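Please open the model in your viewer and keep the selection panel at hand. The tour below proceeds from one selection to the next.

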Amino acid sequence: MTLAMRNIYKSFGSNEVVKGLNLEVAEGEFLVLLGPSGCGKTTALRMIAGLEAVTSGDILIGGEDVTGVLPKYRNVAMVFQSYALYPHMTVAENIGYPLKVSKVPRDEMSEAVRETARKVHLEDLLDRFPRQLSGGQRQRVALARAMVRRPRLFLMDEPLSNLDAKLRGYMRSELKHLQAELGVTTVYVTHDQIEAMTLADRVAVMEAGIVQQLDTPRRIYDDPANLFVAGFVGSPPMNFITGAITGGAFECGGAGLPCPGLADNPRAVVGVRPEDIRVTGAGEGWLQGAIYSLELTGDETIVNVAAAGTHLISRMDKDFDMPMGAEVGVEILGERSYFFDAESGERLRTASHSGQPIAFSDGSR
Amino acid sequence: MNGKRNGSLRRLLEPKDVNSMSPAGKMVTYGLLAFWAAVVLFPLYWVLITSLKLPIHVNDGPLYIPFIDFMPSLHAWEYIFFELGNDTLRPYLNSIVIAFFSTVLAVGIGSMAAYALVRFQYRPRFASVIAFLLILAVVVWMTIAVDLHWSLSVAIGLALFFLFLNTLGKRFQTRVGNDDILFWIISQRILPPVVAVLPIYVMFQQMRLLDTHIALIVTYMTVNLPIVVWLMRDFFASIPMDLEESAQIDGASRFQILLGIIMPLAKPGLAATSLFVLILSWNEYLLALFLSTADAQTMPLLVAAQNATRGPQWWYMSVLIVIMIVPVIVMAGILQRFIARGLLIGAVKG
């Protein structure tokens, strides 16, 4: 089913947490709402579920206006961050609960429960109680309970955040596989940008109740709309250097970085991803600095260089070998640098640079 | 977390495994436990042997051990069960019926109120509450003093109240919330029942319900309601909201959620509260003294009656007390199975 949110506002008292949310989610699409805590993403999800009333705006599921409809009539399924399993019911009863309350015949129900349990590898645990399960198993019960009745939408509120790192990685691919297999439109809320990048067809990056950018993961990463998106997505995060643009060059501490076509701006920020910064020998490159720390992660070395009054993170080859404190130069692959206005945080673009229009593009994938 | 801060205090308070104690520690521990067990159990023992004593044994001063200090006799038991016969059985059944029904009603109604106080926000205007009470008083006055038919005065009262709500009532901004309502409910219990016992007596007298089960059931239920609301509120508050929201999304109605999710999880609370309220009703004396004379007389009155014209008849009292304890022990045994901890484990978090 498709989902549409039109001009949604939500206030708690005088505190406005969602400010004019517009979303169109296509049939079968996996949309991730990404943002830091308190950005309004969970409130948005709860409004889709009907657990929270909208202050103004419309919500449509499959073209049908459900703005004022009770949760039980919306036929959506939700996986809670806490899983919210019914502790007095067995795994089978938990999974079958949505069918039980909608009066599905007993044999049909147990068949559906068994089949869903098989999909999430729970078939041997059907008689257990939630307290007898591990975190990952509980998570799968919550998932199975959402899947058992073919809902119009899957809503997921940070479903993986209570799992340990290894299990999280496993469940992530499991989730992606199941969603693709079932083809159910999914809205997924997370503050973890890796989850967002890996799972989503499209990501909506939210901050302060406003969608900052809505796009495919690749374009969110390669073409961020503003300073917030650029800094939030990516790990290690993008490097920012503050300076000024004068005469087609970005100046900071004497060094210049060409940015042809950009208007003069006394307070500008350049952003460079760690993989686009190369550490070179002293005297070479754009900036001069010293190695502050080195972290070998196995497949690469994260080099922290103190330069231009800040710390620049570079992602270097795993064979990178220089002592800490060594004088180095920093080279920037100029093609891959992003310029922002320091005041508004907006991306600074030239006619040639902007390429395609960014952000708030809806619907079409 | 705070273990580090008060390390020494915690070491003192944290129970050690008794098997890992030194022999001296073990002896002290068991000695203290035995002493406390004796303090708790001795009155029961004393009541039991007193019920087997002849009046002469009681009057001779303390005699502790049957068959050695005195010869046990069943004379008191014979008196209570055969000579009194129906006069024992009737109060016994009365007590059981009254305690049972008042407990069921109080816990039923009280837990619904408690649930509502936890899950819904009430924000009535303070002025509306006052207006309601004033108009209620006027309605009662019109019915009794002015001799208006009750349906007419209720209709007038309702009309007045809604008129107030829609006009003058909107000018007042002060509102009361759930906490105020809860405090008001609990405050009903701060007042000792003895203050209200005369009005209650007159009320049931007017309704010609004195000395009936209904009078005592209704009164006990009302007196115990605040306690139920207060205790159950905490139990309901401990059930995560996520469970109810999840059930809503799963398609359950409010009623299905209450019966299928909330009640099973509140079982320990319901059992504990029921037991507590049951014991209160079972032992209640003052209200029973006013509201019952013969037909609805309860056990506490019968026990007290043994201290009548001939002075305290300790042996008869002891028999009555022994048989009074039995149903409470049985109920405690039944309800204890439900008072299990950790029922919510596995509901939320990993």
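Select first helix H4 (residues 135-147) of chain A, which lies across S6 and strand S7 (153-157) of chain A and runs at about 175° to S6(A). Here helices (H or I, at least four residues) and strands (E, at least two) are DSSP runs, numbered from the N terminus; contact means C-beta atoms, placed from the backbone, within 7 Å. Angles run from 0 to 180 degrees between N-to-C directions, with axes fitted to C-alpha atoms, for helices over the stretch in contact. The model is predicted: local features need pLDDT of at least 70 and side-chain atom pairs pLDDT 80 or more, while totals for chains, interfaces and linings use all residues. Residues are numbered from 1 along each chain as its sequence is written, and chains are lettered from A and ligands numbered from 1 in the order in which they are written.

Next, display the open six-stranded sheet of chain A, ordered S6-S7-S8-S3-S9-S10 with mixed pairing; strands pair if DSSP finds at least two bridges between them. Strand S6 (76-79) and strand S10 (210-215) of chain A each have a single partner strand, so one side of each is left without a neighbour in the sheet. Within this sheet, strand S3 (residues 30-34) and strand S9 (residues 202-207) of chain A pair in the parallel sense over four bridges. Val32(A) stands opposite Val203(A) in S9(A).

Then select Leu155(A), whose contacts include Ile48(A), Val76(A) and Val187(A).

Finally, turn to the open four-stranded sheet S2-S1-S4-S5 of chain A, with antiparallel pairing. Its edge strands are S2 (15-25) and S5 (64-65) of chain A. Leu60(A) stands opposite Asp65(A) in S5(A).

Notes
Contact = placed C-beta atoms within 7 Å. Lists of a residue's contacts leave out its neighbours within four places in sequence.
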